[in-house]
Amino acid sequence: MATALRRRVDPAARFEARAATREAPWVKWALLAVALAFFTLFLLMPLIAVFIEALRKGWETYFSALVEPDALASIRLTLLAAGIAVPLNLVFGVAAAWAIAKFEFRGKHFLITLIDLPFSVSPVIAGLVYVLMFGAQGWFGPWLAAHDIKIVFAVPGIVLATVFVTFPFVARELIPLMQAQGREEEEAAVVLGANGWLTFWHVTLPNIRWGLLYGVILCNARAMGEFGAVSVVSGHIRGETNTMPLHVEILYNEYQFAAAFAVASLLALLALVTLGIKTWVERNAARSGPGAQDEATAP
Amino acid sequence: MSIQVRNITKRFGAFSALDDVTLDFPSGDLVALLGPSGCGKTTLLRIIAGLEAADGGQVLLEGEDASARHVRERQVGFVFQHYALFRHMTVFDNVAFGLRMKPRAQRPPERQIREKAQRLLELVQLDWLAGRFPSQLSGGQRQRIALARALAVEPRVLLLDEPFGALDAKVRKELRRWLRRLHDELHITSIFVTHDQEEALEVADRVVLMNQGRIEQTGTPEEVYSQPATPFVYGFLGAVNLFHGRVDGEGVRVGGDLLPGTARADGPAEGARVMAFARPYEIDIVADDGADGGMAAKVSRVLSFGVTTRVELEGSEGQHLEVELTRERADALGLAVGQTVRLLPSNLRVFEYEEGAGI
């Protein structure tokens, strides 16, 4: 991050060095102070607070909160949900982006809009939809009950809700990238005798790899951190249907602050790791040519 | 390999891109598909390659119907207008790509692939760029790499889509000569698409002129230039003067003037509305001595640099006309701006009037 930032700031440094273009020092320092104060108050302090609170009662309590069976179960469930949702959305995202960027078909704009649905709808609503569909009183409730299949208030419901919420990340990342790259390289590969799979593997995938990785990282972060939709379908059964965010909430409501913050610190660590990888991916994407760069600078 | 195109039609929605096109490309020739943008030339090229499917008709490769054959089995080399080099691969890997993608049974060993890619890079005189990425090359270099990549799989046909379209004028001229030389060495049947008449006439063995999805004329550059078959071809190839009038005996009556012409038995009937064409060098200027014959015009500009003298004139109905004379002839006439003269076409070509045809 630091080097990338310095490189970008370079023209500003030149601007700053010239007397003719330099601003008054107080402007610079005032702006810096505002930005830093805001950053400290709203971002840095909460992050530090998580770790301080987690460790308030010492390392022993911290670790015992993490290895406690319910906590371990919640970690396992979170990993499971992300482990299913991310690959599914990876495949779906590539397929959808491919379809939208490389083919003409009716209803294309509708599909693009539909992909954004999970972003625009509140996660709670998303969870409720699944309850209405698969719950005991839902559309498929009686049929599911008759076949002894449990979706809502069970692991499948949590996975479904996670998939729904993290649906758009990969596709959204790839569509503009693939649209910008066009079809010519793939056509060239086919004319040169490559079959569909080789074309995908040697031409399409290398061209989108950084965008794809970027999408997967964001997708994974959201899958592990999702609260709203999962909360509705979970039923909060300890050790069974609690993901990490839900487990944190339960501990907190039971005034087990140290334990709650211990589990929360794991999520915070995950966020930090995600940010680190994301920065690394962005730098690589920026280096690997103009097509990839567009995607790295996009939000 | 010979290519035949039989009754190809292609529509994009309501737009007719190709309308019953039939063509023969003899083996070993370098053919130019020439026409204005939107005339269907690129679509035809893509249909021959198999990148686009025709709505009707056949493409015969070596006399064999290729309509059902997949692009990768047609053994064509295709050079894209914007080169379509694989941006994440080095120049060398780009050239070797076609060989590496062959099914295991047909794939040469890696050592042979490397040798061949190296030879091709030498052929296009860019072996010193083998380790670079496409983004580090100039337009002309990319074009040559794209060509080397297409040649690597030993295609039976080479198809080039606006091969020089994206290059600046100087590089374009160089590459044009270079492509011609390369074709003379390899003798591979080649078709290239262009909208630049000079390019087509200079490089190709045969020129196919297209307009609005139809073939207007095919022939050698010499044939299409000196004997244009349609008003469109006349207007598209080189500068030309156009006169609207009616057939009058052996000539064409334009307003009050009579242009002498060479009447043909199969030409338009007496009194028919016609368009008559003459190239700037096919018109002579004579002093206006009150005699009949020829068309009255007023000199508006005399450009006498270079070998010939170009005279711009305004016709009796306000039309812009251009005449090219030898220096001696122009000096003898002593033309002055504003002077009234008479124009005598030495080779007037007459076509039945068509709405929207010609220039």
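## A buried arginine in chain B

At 19% relative accessibility, R180(B) counts as buried (under 20% relative accessible area is buried, over 50% exposed and anything in between partly exposed, using a 1.4 Å probe on protein chains only). This arginine sits in helix α5 (residues 169–186) of chain B, where helices (H or I, at least four residues) and strands (E, at least two) are DSSP runs numbered from the N terminus. Leaving out residues up to four places away in sequence, R180(B) touches L30(B), V203(B), A204(B) and D205(B), with contact meaning heavy atoms within 4.5 Å.

A bit of housekeeping: this is a predicted model, in which local features need pLDDT of at least 70 and side-chain atom pairs count only at pLDDT 80 or more, while totals for chains, interfaces and linings use all residues. Residues are numbered from 1 along each chain as its sequence is written, chains are lettered from A and ligands numbered from 1 in the order in which they are written, and side-chain values use heavy atoms, with hydrogens and water left out.

## The nonpolar cores

A nonpolar core here is a set of buried Ala, Val, Leu, Ile, Met, Phe, Trp, Tyr and Cys residues joined through side-chain atoms within 4.5 Å. The largest one has 47 residues, and the members touching the most others are V95(B), I145(B), L147(B) and L209(B). Helix α4 (residues 139–151) of chain B gives this core its largest share, 6 residues.

What does I145(B) touch, not counting residues up to four places away in sequence? The list is L85(B), V91(B), V95(B), L121(B), L126(B) and L137(B). There's also a second, separate core of 43 residues, and its members include V203(A), L44(B), F86(B) and I191(B).

## Where the chains meet

On the A–B interface, 20 residues of chain A are in contact with 22 residues of chain B. The size of an interface is often given as the accessible area lost when the parts come together. For chain A and chain B, the buried area is about 1900 Å², with 64% of it on carbon and sulfur atoms (the accessible area, 1.4 Å probe, that two parts lose on being put together, summed over both).

The polar side of the story: the count between the two chains is 2 salt bridges, a salt bridge being a side-chain nitrogen of Lys or Arg within 4 Å of a carboxyl oxygen of Asp or Glu. E187(A) and R46(B) pair up this way through their side chains, at 2.5 Å from N to O. In chain A, α11 (184–191) and α12 (196–225) each supply at least two residues of the side that touches chain B. By class, that side of chain A has 9 nonpolar, 7 polar and 4 charged residues (Ala, Val, Leu, Ile, Met, Phe, Trp, Tyr, Cys and Pro count as nonpolar, Asp, Glu, Lys and Arg as charged, and the others, Gly among them, as polar).

## P245(A) and E226(A)

P245(A) is part of helix α14 (residues 244–253) of chain A and is buried, with a relative accessible area of 9%. Its C-alpha atom is 6.4 Å from that of G225(A), although the two are 20 residues apart along the chain. Beyond neighbours within four places in sequence, P245(A) is in contact with T78(A), M224(A), G225(A), E226(A), F227(A) and L267(A).

One of those partners, E226(A), lies in the loop between α12 and α13 (228–234) of chain A. Is E226(A) buried or exposed? With a relative accessible area of 4%, E226(A) is buried. Besides P245(A), E226(A) touches P123(A) and V165(A), again not counting residues up to four places away in sequence.

## Salt bridges through the structure

Over all chains, the structure holds 36 salt bridges. One of them joins the side chains of D70(A) and R238(A) at 3.7 Å, N to O. D70(A) lies in helix α4 (residues 69–102) and R238(A) in the loop between α13 and α14 of chain A, so the pair ties together parts that are 168 residues apart in sequence. R238(A) is partly exposed, at 34% relative accessibility.

In chain B, R100(B) bridges to D93(B), with the closest N and O atoms 2.9 Å apart. Both ends are partly exposed: R100(B) at 23% and D93(B) at 26%. R301(B) and E312(B) form another salt bridge, with the closest N and O atoms 3.9 Å apart. R301(B) sits in strand β16 (residues 295–303) and E312(B) in strand β17 (residues 308–315), 11 residues apart. Here R301(B) is partly exposed at 45%, whereas E312(B) is buried at 15%. Finally, R172(B), K173(B), R176(B), D196(B), E198(B) and E202(B) are linked in a network of salt bridges.
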